[in-house]
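Q: Please take a close look at a single part of this structure, the second largest pocket and the elements around it. What lines this pocket, and how is the chain arranged about it?

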Amino acid sequence: GHAARIASRGARRLVGALGVRFEVLGLEKVSPGAACVFTPNHRSHFDIPALLAALPSARFAAKQELFAQPLLGPVMRALGIIPIDRERPELAKRALDEAALRPGGGGSLLIFPEGDEAAPGEMLPFKAGAFVFALRTGLPVVPVAIHNSAAILPRGDALAISAGRVVVEILAPIQTHGLTIEDRAR
């Protein structure tokens, strides 16, 4: 919607103002206007402005704790970001179910399948939510590789932003047609 487009423009300006060169690769792999479930890796708080800038039409799902932050919370609510309560999986499931019931899944959804920032060189186990949502809506899963965000803003250090280059790479969509919830782990 309108708020998402404004946020995306703001994120692009923020990324540029911080001296970060920003590049999006592979957007041609996703049809414009076609809904999907983006599943990016997660290394840094900088992933969020990078993804907002790269994917202006995608709605985010984010952990509930972020909504409690005084500046971030109201912005996230205004953008229609879906809160995921990881302590109460039934509420997280309900939030995703409600999003899935909107026509076409309510547009593209972006979920970090690791659920949290991973340490350098590591990958956390995937949580099932993104994949269950894709299977329920029949939307393709689109993996996204964010390169170099941890060098720009190291994990756990909210103020140490360095200039540099971040690449958001869209990978080939994985179709979910013909698959069932039992296929979520695969």
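A: Of the 186 residues of the chain, 42% count as buried. The model is a predicted one. The chain has 6 helices and 7 strands, and from the N terminus on these elements follow the order α-β-β-α-β-α-β-α-β-α-β-α-β. Among contacts between residues at least 6 apart in sequence, 70% join residues at least 24 apart.

The second largest pocket has a volume of about 450 Å³. Its lining comprises 23 residues, and those closest to its centre are Phe 131, Val 141, Ile 174, Arg 184 and Arg 186. By character, the lining divides into 14 nonpolar, 4 polar and 5 charged residues. Strand β2 (37–40), helix α5 and strand β6 each supply at least two residues of the lining.

Helix α5 spans residues 129–137, and within this helix Ala 130, Phe 131, Val 132, Phe 133, Ala 134 and Leu 135 are buried. Phe 131 thus appears both in this buried run and among the residues closest to the centre of the pocket. Gly 138 follows α5 and has a positive phi, near 75°.

The residues after the helix are linked to Thr 176, which is found in the segment after β7. Thr 176 counts as buried because its relative accessibility is 6%, under the 20% limit. A polar atom of the Thr 176 side chain lies 3.3 Å from the backbone oxygen of Gly 138. For the backbone oxygen of Leu 139, the corresponding distance to a polar atom of the Thr 176 side chain is 3.0 Å. Not counting residues up to four places away in sequence, Thr 176 touches Ala 134, Leu 135, Gly 138, Leu 139, Pro 140 and Val 141. Of these, Ala 134 and Leu 135 are among the buried residues of α5, while Val 141 is one of the residues closest to the pocket centre.

Strand β6, another contributor to the lining, covers residues 141–147 and contains Ala 145. Ala 145 counts as buried because its relative accessibility is 17%, again under 20%. Leaving aside neighbours within four places in sequence, Ala 145 is in contact with Asn 41, Val 167, Val 168, Glu 169 and Leu 171. Ala 145 and His 42 are 103 residues apart in sequence, yet their C-alpha atoms are 8.8 Å apart in space.

Beyond β6, Asn 148 is found in the loop between this strand and α6 (149–152). Asn 148 is a residue other than glycine with a positive phi, near 80°. It is partly exposed, with a relative accessible area of 40%.

Strand β6 also takes part in the nonpolar interior. The largest nonpolar core has 31 residues, and Phe 38, Phe 46, Leu 51, Leu 55 and Leu 110 have the most contacts inside it. Helices α1 (2–17) and α2 (47–54), together with strands β3 (59–63), β6 and β7 (164–170), each supply at least two residues of this core. Helix α2 gives the most, with 5 residues. A second, separate core of 14 residues includes Ile 82, Ile 84, Leu 109 and Ile 111. Within the largest core, Phe 46 has many contacts; leaving aside neighbours within four places in sequence, Phe 46 is in contact with Val 15, Leu 18, Val 20, Ser 149, Ile 152, Leu 153 and Val 166.

Definitions and conventions. Residues are numbered from 1 along each chain as its sequence is written. Side-chain values use heavy atoms; hydrogens and water are left out. Buried means under 20% relative accessible area, exposed over 50%, partly exposed in between (1.4 Å probe, protein chains only). Helices (H or I, at least four residues) and strands (E, at least two) are DSSP runs, numbered from the N terminus. Contact means heavy atoms within 4.5 Å. A nonpolar core is a set of buried Ala, Val, Leu, Ile, Met, Phe, Trp, Tyr and Cys residues joined through side-chain atoms within 4.5 Å. On a 1 Å grid over the protein atoms alone, a cavity is a set of points where a 1.4 Å probe fits but cannot get out, and a pocket is an open set with protein on both sides within 12 Å along at least five of seven lines; lining residues have an atom within 4 Å of a point. Grid points are joined across faces, edges and corners, and a volume is the space filled by probe spheres set on the points. Ala, Val, Leu, Ile, Met, Phe, Trp, Tyr, Cys and Pro count as nonpolar, Asp, Glu, Lys and Arg as charged, and the others, Gly among them, as polar. A polar contact is a pair of N or O atoms within 3.5 Å; within protein, one must be able to donate a hydrogen and the other to accept it, and residues adjacent in sequence count only if both atoms are side-chain atoms.
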